[in-house]
Amino acid sequence: MAAIDIQHLTKDYGNGKGIFDITLQIEKGQVYGFLGPNGAGKTTTIRHLLGFIKPQIGQSTILNLDCWEEPKKIQQQLGYLPAEIVFPENMTGTQIIQHTAKMRGIHDKAAAKQLAERFDLDPSAQIKRMSKGMKQKLGIVCAFMHDPQILILDEPTTGLDPLMQSVFVELIHEEKRKGKSILMSSHLFEEVEGTCDSIAMIKQGRLISVTDAQSVKQLDKTTFRIHFQNLLDFQSIQQENFLIREAHPETMHIVVDIENLQLNALLRALADREVASIHEIKHSLEDSFMNFYHKGVDYHV
């Protein structure tokens, strides 16, 4: 049984807006990345999971509970961090934590204290005096303090500095080891690359890919930087049938994108030329995502 199960979820707002036939499953102990630009349908999908929106077609369940029919039961095991955090400005962070603890029936606030210390948060300040980063830290404390089995995190590190982003990534790894199921919507590719087991890409309300993180980086091509020992070989390689992204006569090197089926052809072409050095350029998840996203084709693993 999947911890989070979305089947054919559809909400059509007209004019191509909404989500259409979204199907995905998140297993126990899995961190699932949800990628797409603003307006692609990430938040609409999440709002269905929270029980805020009734689907027109399809169903979503968390821990085998229907998200629309049984949201109160789900909330007991759910931690949620919204993309836009809004706290009452006349309250302090401590009061927010106390209020959250009371709503969830938490009597021991040790976990909240540990999380606040871990993220270097002084919750005694008033909300109106807090920076965006401090409010984000407070949101993280409130989402994690009751040790939920399910976490839904929408742009979770917005406003955090790089050090705190690293602390957050460590926290996600710890929660995963505990068997938590995590859906994380993000536009920070380093964050997704460093935490997620699987990735769903959404475009204009439709899933265009559901795959594992490693496969995304291997979908399309390998890129090489090749230096030649003489100008003649540097010039002649450019007459071959390869996609050359860059060519630099002053250093006699090229940057070339090679499809998997072209690799042997490249090796044969280089064997006939004097090569000074060849290096593979590692693709970031962002490179692969943007290249794949613009193609707009389906790919499922």
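Q: Is Glu175 buried or exposed in this predicted model?
A: Glu175 lies in helix H6. Its relative accessibility comes out at 4%, and the cut-off for buried is under 20%. So Glu175 counts as buried.

Q: Which side chain makes a polar contact with that of Glu175?
A: Leaving aside neighbours within four places in sequence, Glu175 is in contact with Phe144, Asp147, Leu151, Lys180 and Ile182. One of these also has a side chain joined to that of Glu175 by a polar contact of 2.7 Å, and that is Lys180.

Q: Where is His146 found, and is it buried or exposed?
A: Look in the loop between helix H5 (132–144) and strand S7 (150–154), where His146 is found. Its relative accessible area is 15%, and anything under 20% is classed as buried. So this loop residue, His146, is buried.

Q: What is the distance of the polar contact between the side chains of His146 and Arg104?
A: Setting aside residues within four places in sequence, His146 is in contact with Gln76, Leu78, Gly79, Arg104 and Ile106. With Arg104, the side chain of His146 makes a polar contact, and the distance is 3.4 Å.

Q: Which helix gives the largest share of the largest nonpolar core?
A: In soluble globular proteins, nonpolar side chains tend to be buried together. Here the largest nonpolar core has 38 residues, and those touching the most other members are Phe119, Leu138, Ile140, Phe144, Leu153 and Phe168. Several elements supply at least two residues each, among them strand S3 (31–35), helix H3 (93–103), helix H4 (110–118) and helix H6 (162–177). The largest share, 6 residues, comes from H5.

Q: Which residues does Leu138 touch, not counting those up to four places away in sequence?
A: Leu138 is one of the core residues that touch the most other members. With residues up to four places away in sequence left out, the list for Leu138 reads Phe87, Gly93, Ile96, Ile97, Leu121, Ile127 and Met130.

Q: How many residues are in the second, separate core?
A: Apart from the core just described, there is a second one, and its members include Ile26, Phe34, Leu49 and Val210. The count for this separate core is 25 residues.

Q: Why do the buried residues of H4 line one face of the helix?
A: The buried residues of H4 are Ala112, Leu115 and Ala116. Seen down the helix axis, they line one face because they fall within an arc of 100°.

Q: Which helices do the buried residues of H4 pack against?
A: Turned away from the buried side of H4 is a face carrying the exposed residues Lys113, Gln114 and Glu117. The buried residues, for their part, pack against H3, H5 and H6.

Q: Which residue with a positive phi follows H4?
A: Just past the helix, the backbone has a phi near 55°. The residue with that positive phi is Asp120.

Q: Which strands are at the edges of the sheet ordered S12-S13-S11-S14?
A: This open sheet has 4 strands, and the pairing is antiparallel. Neighbouring strands are turned by 20° against each other on average, direction ignored. Two strands pair on one side only, and these edge strands are strand S12 (243–248) and strand S14 (275–281).

Q: At what angle does helix H10 run to S11?
A: Strand S11 (residues 222–228) is joined to S14 by 6 bridges, and the two run antiparallel. Phe224, for one, stands opposite Glu280 in S14. Helix H10 (residues 263–271) lies across S11, strand S13 (253–258) and S14, and its angle to S11 is about 5°.

Q: What is the bridge partner of Ile4 in S4?
A: There is another open sheet of 4 strands, antiparallel and ordered S2-S1-S4-S5. Within this sheet, 5 bridges join strand S1 (residues 4–14) to strand S4 (residues 57–62). The partner of Ile4 in S4 is Ile62.

Q: Is Lys72 buried or exposed?
A: The place of Lys72 is in helix H2 (residues 71–75). Its relative accessibility is 74%, and the cut-off for exposed is over 50%. So Lys72 counts as exposed.

Note on methods. Residues are numbered from 1 along each chain as its sequence is written. This is a predicted model: local features need pLDDT of at least 70, side-chain atom pairs count only at pLDDT 80 or more; totals for chains, interfaces and linings use all residues. Side-chain values use heavy atoms; hydrogens and water are left out. Buried means under 20% relative accessible area, exposed over 50%, partly exposed in between (1.4 Å probe, protein chains only). A polar contact is a pair of N or O atoms within 3.5 Å; within protein, one must be able to donate a hydrogen and the other to accept it, and residues adjacent in sequence count only if both atoms are side-chain atoms. Contact means heavy atoms within 4.5 Å. A nonpolar core is a set of buried Ala, Val, Leu, Ile, Met, Phe, Trp, Tyr and Cys residues joined through side-chain atoms within 4.5 Å. Two strands pair if DSSP finds at least two bridges between them. Axes are lines fitted to C-alpha atoms, for helices over the stretch in contact, and angles run from 0 to 180 degrees between N-to-C directions. The arc is that of the directions from the helix axis to the C-beta atoms.
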